[in-house]
Amino acid sequence: MQIEHVAIWTRDLERLIAFYQTYFEACPGEHYVNQRNRFESCFLEFASGARLELMSMPTVPDSTNDIERQFTGIIHLAFAAGSEENVERLTRRLERDGYRVVDGPRRTGDGYYESVVFDPDGNRIEITV
């Protein structure tokens, strides 16, 4: 078994596509639009074959979770940057471009070298080796 894809609701599909394309080398597929219920989606594919589905529909309510705190459910997406230097480089680039670094880069107690940033919608993105 393997995870086929993970999906994220967003209010701004194009903004999230651009973020993952720019910083994580995602390749967007074709947009799907259902005019009847105003649902839109786009699958992004990564070099590893992993996919991320970004979805938008005006009737989906905003999350009430506090992004500053941890909560139950899916809490982050992790991307392997390949080396500690790449983790540091990408983290600095995201910070320079105005994205909030939540933590790191640092070595965790279980041995990971990682940083955590927020994407444009406040989703936690872990960048690790």
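These questions and answers concern the nonpolar core and two helices of a predicted model.

User: Which element gives the largest share of the largest nonpolar core?

Analyst: The core has 24 residues, and Tyr20, Phe24 and Leu54 touch the most other members. Elements that give two or more residues to this core include strand S3 (39-45), strand S4 (51-56) and helix H2 (84-96). The largest share, seven residues, comes from H1.

User: Which residues does tyrosine 20 touch, leaving aside those up to four places away in sequence?

Analyst: Tyr20 is among the core residues that touch the most other members. Its contacts beyond that sequence limit are Ile8, Glu25, Ala26, Leu44, Leu52, Leu54, Leu77, Phe79, Asp119 and Ile125.

User: How far apart are the end C-alpha atoms of H2, against the span that its 13 residues should have?

Analyst: The expected figure rests on 1.5 Å a residue, which gives 18 Å for H2. The expected span agrees with the distance between the end C-alpha atoms, 18 Å.

User: What arc around the axis do the buried residues of H2 cover?

Analyst: The buried residues in H2 are Val87, Leu90, Thr91 and Leu94. They lie on the same side of H2, because the arc they cover is only 100°.

User: Is H1 parallel, perpendicular or oblique to H2?

Analyst: H1 and H2 pack with their axes 11 Å apart, at an angle of about 140°. Roughly antiparallel would need an angle over 145 degrees, and roughly perpendicular runs from 65 to 115, so the remaining angles from 35 degrees up count as oblique. H1 is therefore, relative to H2, oblique.

User: Which residues of H2 make the contact with H1?

Analyst: H1 is among the elements that cover the buried residues of H2. From H1, the contact uses Phe19, Thr22, Tyr23 and Phe24, and from H2 it uses Leu90, Arg93 and Leu94.

Note on methods
Residues are numbered from 1 along each chain as its sequence is written. This is a predicted model: local features need pLDDT of at least 70, side-chain atom pairs count only at pLDDT 80 or more; totals for chains, interfaces and linings use all residues. Side-chain values use heavy atoms; hydrogens and water are left out. A nonpolar core is a set of buried Ala, Val, Leu, Ile, Met, Phe, Trp, Tyr and Cys residues joined through side-chain atoms within 4.5 Å. Buried means under 20% relative accessible area, exposed over 50%, partly exposed in between (1.4 Å probe, protein chains only). Helices (H or I, at least four residues) and strands (E, at least two) are DSSP runs, numbered from the N terminus. Contact means heavy atoms within 4.5 Å. The expected span of a helix is 1.5 Å times one less than its number of residues. The arc is that of the directions from the helix axis to the C-beta atoms. Axes are lines fitted to C-alpha atoms, for helices over the stretch in contact, and angles run from 0 to 180 degrees between N-to-C directions.
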